[in-house]
Amino acid sequence: MYTRGLRLLAVAALLVVVVGYYAPIIDVSDPYIQELGGWAVSEYLKQGHSDGLLYGQVLSGGQCNDYKFKLRNYKLILDAMDTTATVKNYKALVVVKWSGTRRLVSFELA
């Protein structure tokens, strides 16, 4: 029985590594997470999008470590106000290398 449990645990751990499980971000009020959300909106605008978005806050999200490539992926749900003063939710995927370099992979309406 004990050996079977260990095998199941090993398979589950392998699935987490292979599939890229995103663990929920428990404390979205963490200043780093909120700053990352603001950076995502700023980077989106720098890429030439003229939505005129004003960052609000990160509402929820998940994170996933990639030890092979030494980076962390963040899936963020955040809100931002557009030029018509309408607040909408957006999904942002941000990759942060362990050196601190960031890349905005995607940014779209949630």
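Student: What share of the contacts in the protein with a separation of 6 or more comes from residues 24 or more positions apart?

Tutor: In this predicted model, 46% of those contacts join residues that lie 24 or more positions apart.

Student: Which elements does the chain contain, and how do they run from the N terminus on?

Tutor: There are two helices and five strands, and the order reads α-β-α-β-β-β-β.

Student: Good, now to the inside. What makes a group of residues a nonpolar core?

Tutor: The residues must be buried, belong to a nonpolar set such as Leu, Val, Phe or Tyr, and be joined through side-chain atoms within 4.5 Å. The largest such core here has 20 residues, and those with the most contacts inside it are Leu53, Tyr74, Leu76, Leu78, Val94, Leu104 and Phe107. At least two core residues each come from helix H2 (31-46) and strands E3 (71-81), E4 (87-97) and E5 (102-109). The largest share, six residues, is supplied by H2.

Student: Which residues does Tyr74 touch, once its neighbours within four places in sequence are left aside?

Tutor: Quite a list! Among them are Tyr22, Ile25, Tyr32, Ile33 and Leu36, along with Ala92, Leu93, Val94 and Val96.

Student: On to Asp82. Where is Asp82 found, and why is this residue called buried?

Tutor: Asp82 is found in the loop between E3 and E4. Its relative accessibility is 13%, and buried means under 20%, so Asp82 counts as buried. For the protein as a whole, buried residues make up 27% of the 110 residues.

Student: How do you know that the side chains of Asp82 and Thr84 make a polar contact?

Tutor: Their distance is 2.7 Å, while the cut-off for a pair of N or O atoms is 3.5 Å, so the pair falls inside the limit. Leaving aside neighbours within four places in sequence, Asp82 is also in contact with Asp51, Gly52, Leu53 and Lys88.

Student: And Met81, in strand E3: why is this residue called partly exposed?

Tutor: The relative accessible area of Met81 is 31%. Partly exposed lies between the 20% limit for buried and the 50% limit for exposed, so Met81 is partly exposed.

Student: What makes Met81 eligible for a surface patch?

Tutor: A patch residue needs over 30% relative accessible area and no salt bridge, and Met81 has 31%. Together with Leu54 and Val87, Met81 forms a nonpolar patch with about 270 Å² of accessible area. The accessible surface of the protein comes to about 7300 Å², with 60% belonging to carbon and sulfur atoms.

Conventions
Residues are numbered from 1 along each chain as its sequence is written. This is a predicted model: local features need pLDDT of at least 70, side-chain atom pairs count only at pLDDT 80 or more; totals for chains, interfaces and linings use all residues. Side-chain values use heavy atoms; hydrogens and water are left out. Buried means under 20% relative accessible area, exposed over 50%, partly exposed in between (1.4 Å probe, protein chains only). Helices (H or I, at least four residues) and strands (E, at least two) are DSSP runs, numbered from the N terminus. Contact means heavy atoms within 4.5 Å. Accessible areas come from the Shrake-Rupley method with a 1.4 Å probe; for residues, only the protein chains shown count as cover. A polar contact is a pair of N or O atoms within 3.5 Å; within protein, one must be able to donate a hydrogen and the other to accept it, and residues adjacent in sequence count only if both atoms are side-chain atoms. Patches are made of residues with over 30% relative accessible area and no salt bridge: like charges are joined within 9 Å, nonpolar side chains (Val, Leu, Ile, Met, Phe, Trp, Tyr) within 5 Å. A salt bridge is a side-chain nitrogen of Lys or Arg within 4 Å of a carboxyl oxygen of Asp or Glu.
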